[in-house]
Amino acid sequence: MGASFEPAKAALVALPNPRTKYAKSLKNLSPLYVPKLYLLLAAVVLVLVCVAKPQGVDSDARVLIDGLDFAPSIKMSGISQQLIGGGTRLKYNVVKIYAVGVYMDAAGAKRALKPYLGLAAGALQKQAGFYKAVIEARFAKALLLYFHRSVGSSAVVDALRDSLAPRLKAPSLAKFREVLQQMLGDSVPKGSQLFFSCRGDNLHMSVSSSSSPLLMQDKTICAALFDVYLGSSPISMQAKEGFTLGFAERVGA
């Protein structure tokens with residue numbers, strides 16, 4: 001089954017058409033009154049929009065991670081995944097390469113990670129079992145790599161291969177490298193979004209310019225990939241901390 005990655009869609013509100021019969025009546029109003037009437041109409045529309053949405057939920061909101069605009073949710077094979085948190089991947093601790101966001105099926109996460117609900121971020125950071133449970137979980141979860149700069153595809157492939165090498169057997173590592181290189185082509189332009197979406201033993205890989213995610217089936221790849229970012233030696237401590245804080249606030253609260 002293919003996977004699709006869709007940002008949450010903003011609701012549209014239709015404003016009154018000035019060419020309707022009601023516009024004719026405006027001709028009879030005082031010039032000073034007309035602007036006030038439109039301000040009143042705008043206020044009424046704003047109130048209706050606010051009432052229509054659940055309180056505390058803003059489906060139109062975008063989330064910034066190190067200045068890059070992340071969708072608050074994505075959809076994979078019909079399953080909505082919520083952005084939990086993330087951070088920046090640096091090279092030489094100076095150069096920004098990409099920001100990474102961690103997404104999860106919030107309902108599945110609450111069931112699988114029940115022992116960790118209600119804990120503050122500081123407490124979660126001391127729970128090695130928490131990260132292990134997330135890494136090994138089989139509910140839908142994803143990593144989104146959003147690139148700050150243009151990078152050669154071979155550099156991206158080689159960097160991820162080197163990070164995964166201690167965590168995967170040679171055949172799985174070779175297969176991952178092959179599929180990723182096939183998908184990326186020659187380069188990864190600035191602004192590219194690279195998705196790694198997991199569910200069970202299935203890893204779907206997609207770039208923002210691709211309409212057909214590629215599938216890799218392997219029993220170890222998803223855990224290994226999440227261990228790169230959330231394990232005991234993460235390649236971005238900022239991303240791990242951002243995920244932990246987001247989990248405590250958005251899922252565990």
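Let me start with the surroundings of Leu145, which, once its neighbours within four places in sequence are left aside, is in contact with Tyr98, Ala99, Val100, Ser192, Gln193, Leu194, Phe196 and Tyr229. Please keep in mind throughout that this is a predicted model. Leu145 belongs to strand β6, which covers residues 141–147, and its relative accessibility is 0%, so it counts as buried. One of those contacts deserves a number: the C-alpha atoms of Leu145 and Ala99 are separated by 5.8 Å, although the two residues are 46 residues apart along the chain.

Staying in strand β6, we come to Ala142, which has a relative accessible area of 0% and is therefore buried. With the neighbours within four places in sequence again set aside, Ala142 is in contact with Ile74, Gln81, Gly101, Val102, Tyr103, Phe196, Ser197 and Phe226. Phe196 thus appears in the list for Leu145 and in the list for Ala142. The C-alpha atoms of Ala142 and Cys222, which are 80 residues apart along the chain, are separated by 9.3 Å.

Phe226, which we have just met as a contact of Ala142, also has a charge over its ring, for the charged end of Lys141 sits there at 4.6 Å from the ring centre. A second arrangement of this kind involves Lys240, which lies over the face of Tyr131 at 4.2 Å from the centre of the ring.

Tyr131 takes us to the aromatic side chains, since ring pairs link Tyr116, Phe130, Tyr131, Phe243 and Phe247 into a cluster. How many aromatic pairs does the count come to? With ring centres required to lie within 6.5 Å, the count comes to eight aromatic pairs. Among them is the pair formed by Phe243 and Phe247, which is tilted, with 6.3 Å from centre to centre and 40 degrees between the planes. Both residues lie in helix α9, residues 237–251, where they are four residues apart, about one turn of the helix. Are Phe243 and Phe247 buried or exposed? Both of them are buried.

Next, a pair of helices. In general, two packed helices are described by the angle between their axes and the distance between the axes. Helix α6, residues 153–164, and helix α7, residues 170–184, pack at an angle of about 160 degrees, and their axes are 10 Å apart. The two helices, α6 and α7, are therefore roughly antiparallel to each other, and α6 passes α7 in a right-handed crossing. On the α6 side the contact is made by Ser153, Ser154, Val156, Val157, Asp158, Leu160, Arg161 and Leu164, while α7 contributes Leu173, Phe176, Arg177, Leu180, Gln181 and Leu184.

A backbone detail should be mentioned as well, namely that phi of Asp66 is near 55 degrees, a positive value in a residue other than glycine. Asp66 lies in the loop between β1, residues 63–65, and β2, residues 68–70, and because its relative accessibility is 30%, it counts as partly exposed.

Let me end with the protein as a whole, which has nine helices and eleven strands. Buried residues make up 41% of its 253 residues. Of the contacts between residues at least 6 apart in sequence, 65% join residues at least 24 apart, and the contact of Leu145 with Ala99, whose partners are 46 residues apart along the chain, is an example of such a contact.

Terms used
Residues are numbered from 1 along each chain as its sequence is written. This is a predicted model: local features need pLDDT of at least 70, side-chain atom pairs count only at pLDDT 80 or more; totals for chains, interfaces and linings use all residues. Side-chain values use heavy atoms; hydrogens and water are left out. Rings of Phe, Tyr and Trp (its six-membered ring) pair if their centres lie within 6.5 Å; planes under 30 degrees apart count as stacked, over 60 as edge-to-face and the rest as tilted. Buried means under 20% relative accessible area, exposed over 50%, partly exposed in between (1.4 Å probe, protein chains only). A charge sits over a ring if NZ of Lys or CZ of Arg is within 6 Å of the ring centre and within 35 degrees of the ring normal. Axes are lines fitted to C-alpha atoms, for helices over the stretch in contact, and angles run from 0 to 180 degrees between N-to-C directions. Angles under 35 degrees count as roughly parallel, over 145 as roughly antiparallel, 65 to 115 as roughly perpendicular and the rest as oblique. A crossing is left-handed if the near helix is turned anticlockwise from the far one by less than a right angle, and right-handed if clockwise. Contact means heavy atoms within 4.5 Å.
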